[in-house]
Structures are given as structure tokens and as C-alpha cells.
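Biologist: I am new to this structure and would love a close look at a single part of it. Could you pick one residue, start there, and then walk me outward to its surroundings and the rest of the chain?

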Amino acid sequence: MTTTEPPLRGRGSAIGAGVSWTARWSLRLVLVAAGVALVGWVIAWLWSIVMPVLLALILATLLWPPTDWLRRRGFPPAAAAGTVVLAGMIALAGIIALVTTSVSGSIGQIAQSASSGIQAIQQWLSGPPLNLAQSQLDAALMQVTNQLQQSVSTIATSVLTGIGGVASGVVTALLTIVLAFLFVKDGPRFLPWLHGVAGDGAGGHLAEVLRRVWKTLGEFIRTQAVVSLVDAVLIGIGLVVVGVPLALPLAVLTFIGGFVPIVGALVAGALAVLVALVSNGFTAAVIVLVIILVVQQLEGNVLQPILQARSLGLHAAVVLLAVTAGSTLYGIAGAFLSVPVAAAAAVVLRYLGEQIDMRAGIAPVVAPVPPVAEPEPEPEPLADEPPRTS
């Protein structure tokens, strides 16, 4: 009885097979990278459209719960969406007016404190260990003034550019509000429409992924709002107790910065410490720094783990890299949108992983549930029309 043994492969054949495998996967990765670069180029080219759409989607996640509450109580979709959007705009205008009043009332105190701080810095520079003469300080100040005068054209150009940016921001804000109203009003019809257009196969998968993304974004935004509100209240109370001016605007800035993880809290905290240093001195600045560190530790170790319950599944390093990439590519808007986009991408990757496991037989096959359109109310019969019988 003889057995047939597989032929032995030489080193050359083994190396060739490895090189062929590497070449095939390298070509695939190059094609994937080219596709990602093309998508990024299209997004950058259409950024004036993409940014309002993303902002409107995030705003719609906040507006949908009260809209849904009104719709369940008999409000028509347009009336419910319009009521909630209008109430949100009124609340935002009230907050802006309150912050503006607080800032305008404290400008004089801040300016006086800043002047005293500059004089203290000049005295420190003229004393030991630097021992700079007053003439040297005046020469340095004169040099800075001359540089500013020489750059007046650049400054004027920057001001004009800033005015254009403000106008563009107003247009973006109006477009975002209109899109958010439309998303909240007609949102429940989108998934059934998409499922019908794409068919049972692709449509079911797209509808399931979008449903999960919507749920994740809603949980993320609402959780961040609660965490940011707690941070703003605690830090605002600490600033009031210490006696730091502009406590209300700094608390509002802390609330807004909470929507940009890590970086937003760092910037808002640094600004609060700087205002305390200029207005109240070194001791007050240290106290404010301790308050901010304690509140941030409470947020990071207690609030977020309890409220988020790892729903996003994003590591801190991924969040930091996403914020850095977003701010580098698209500025402040990119930093704000980076984490929601990363969370949505993580949802898509998890769904793809589930589908791979299903096809590999690792997980049970569960078909996506097709979305069900909302039933349209049956029209009331006319007075002279006989009732319908089945």
C-alpha cells in the first residue's frame, strides 16, 4: 500500500507565492486608498453643501425627540417640526443675548485688569533676573508698533476676508436651519423610500446601517449635551465663587467646547484660567485650574462611562486623531464634526464585520428588518358618502 505525498515546494516557490499575495493585496489597498482620496476630494469640493447637511443631521437628532412627542399628540408633521425649530431658534437667540449683555457689562473691568497686568509684566521684566531697561522695553514696543503699521494692508485684507466669512456663515446657518426642518419633518419617510428604490437586498442593508447610525448619533449628541451642561454648570459655579468676571460667557463656552472632545475642554479651560489670571491674580488662576481639573476628572471617570456606556466604542486615541484630522482639514467645523463622523464610520465597520461573520458561519444569519412606512391616515368619508364596508 503506497501513499501519495504532496510534492515539496522549494524556497523559490514559497517566496514567489508570498510576493504574489503581497502584490495582489497591495494593488487592492492602492485602489481603496484612491477611492478614499477621491471621496475626500469630492467632499472638499462640495464642502459648502456637505457641511450644512452634516450640521443639519446633527441638529435633527436633537430636535427629533420633541418633534416626535408633538406628532404623537396629533400635531401635523410640518407644524410639529416648525414649532420645535422655532422654539430652538428663540432659545438660542436668548442665550446669545444673555451672553452678549454679560460680556458688554464686564469689558471695562477686563480692560482695566489687562492694563494692570501689562504694567506688572513690565515691572517684572525691568527687575531681576532680566533687568531690562525701560528704553529696551520701549524699543521693543516701538518695533512691534512699526511691524503692525507695515502690515496694515494685510490686516485690512484679513478683515475683509473675515467679513466674507461672516456672510458665508450666515448663509450656512440659514441653510442648516432649513435642512434641519426638512429632515425632522420628512425624516420617517426616507428609509422606506430608500428601501423601495434600492430593493430588498441593498436597500435592507442601507436602511439598517442608516438606522444604526442615526441611533448612535442621537445617543452621542444627547450624552454630550448632558455632560457638557454638567461641566458648564459646575465650572460656572466655581468661577462665580472665585469672583472671576465673564463667568456666564465662560460657562457657555465650556458647554459648547464639550461637543469637541478633549480639545474643546482644553481650550475652554485654558481661557478660563487666563481670564482669572488677568482679572484676579495668580492665586485665583490656580484655584480655577484646580476646579477645572476636578470637574474634568469627574466627567471623564464618572459621567461619560455611566451615560455613554461605551455606546460609541471609540478609543480615546481614535477620538484625538479624529479631532486633529478634522480640525486640520476643515477648521473648527471639522473639529466639531469629526467625532460624529468617526462614530458613524465605526457603526458601518461593525455592521460589515457582522456580515463577514455571518458569511463565514461564525454568527447566526439575521436578515435586516425592512423599514415600515408610517401609515397614512385614512380620509374621513363625506357626509353624503355611505361608510365603507369590507
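Modeller: Let's start with Phe282, which belongs to helix α10. This is a predicted model, so everything I describe is computed from it. In the model, Phe282 has a relative accessible area of 63%, and because anything over 50% counts as exposed, Phe282 is classed as exposed.

Phe282 also has company at the surface. Together with Leu253, Leu271, Leu274, Leu277, Val278, Val286, Val290 and Val294, Phe282 makes a nonpolar surface patch of about 750 Å². Two elements, α9 (263-280) and α10 (282-308), each give two or more residues to this patch.

Now let's step back to the whole chain. The chain has 11 helices and 0 strands, so reading from the N terminus you meet one α element after another. Of its 390 residues, 26% are buried. The accessible surface is about 25,500 Å², and carbon and sulfur atoms account for 72% of that. If you take the contacts with a separation of 6 or more, 69% are between residues 24 or more positions apart.

Aromatic rings are a nice next stop. There are 3 aromatic pairs in the count. In one of them, the rings of Trp21 and Trp25 have centres 6.2 Å apart and planes at 50°, so this pair is tilted. Both residues sit in helix α1 (residues 11-45), 4 residues apart, which is about one turn of the helix. Trp21 is partly exposed, at 49% relative accessible area, and Trp25 is partly exposed too, at 39%.

Another pair is formed by Trp41 and Trp45, whose ring centres are 5.8 Å apart with planes at 10°, so this one is stacked. These two residues are also in helix α1, 4 residues apart and separated by about one helical turn. Trp41 and Trp45 are both exposed. Back at Trp25, there is one more neighbour to look at: the charged end of Arg28 sits over the ring of Trp25, 4.7 Å from its centre.

That brings us to charged side chains. Side chains of opposite charge can pair when their charged atoms come close. A search of the whole structure gives 5 salt bridges. A good place to follow them is Glu208, which forms a salt bridge with Arg211, with the closest N and O atoms 2.8 Å apart. Arg211 and Glu208 are 3 residues apart in helix α7 (residues 200-242), about one helical turn. Glu208 counts as buried, at 14% relative accessibility, while Arg211 is partly exposed, at 31%.

Glu208 has another partner in Arg212, and here the closest N and O atoms are 3.0 Å apart. Arg212 and Glu208 are 4 residues apart in helix α7, again separated by about one helical turn. Arg212 is partly exposed, with a relative accessible area of 27%.

Arg212 also meets the side chain of Glu354 in a salt bridge, at 3.0 Å from N to O. Arg212 lies in helix α7 and Glu354 in helix α11 (residues 316-359), so this pair ties together parts that are 142 residues apart in sequence. Glu354 is partly exposed, at 31% relative accessibility. Through shared partners, these salt bridges join Glu208, Arg211, Arg212 and Glu354 into one network.

Terms used. Residues are numbered from 1 along each chain as its sequence is written. This is a predicted model: local features need pLDDT of at least 70, side-chain atom pairs count only at pLDDT 80 or more; totals for chains, interfaces and linings use all residues. Side-chain values use heavy atoms; hydrogens and water are left out. Patches are made of residues with over 30% relative accessible area and no salt bridge: like charges are joined within 9 Å, nonpolar side chains (Val, Leu, Ile, Met, Phe, Trp, Tyr) within 5 Å. Accessible areas come from the Shrake-Rupley method with a 1.4 Å probe; for residues, only the protein chains shown count as cover. A salt bridge is a side-chain nitrogen of Lys or Arg within 4 Å of a carboxyl oxygen of Asp or Glu. Buried means under 20% relative accessible area, exposed over 50%, partly exposed in between (1.4 Å probe, protein chains only). Rings of Phe, Tyr and Trp (its six-membered ring) pair if their centres lie within 6.5 Å; planes under 30 degrees apart count as stacked, over 60 as edge-to-face and the rest as tilted. A charge sits over a ring if NZ of Lys or CZ of Arg is within 6 Å of the ring centre and within 35 degrees of the ring normal. Contact means heavy atoms within 4.5 Å.
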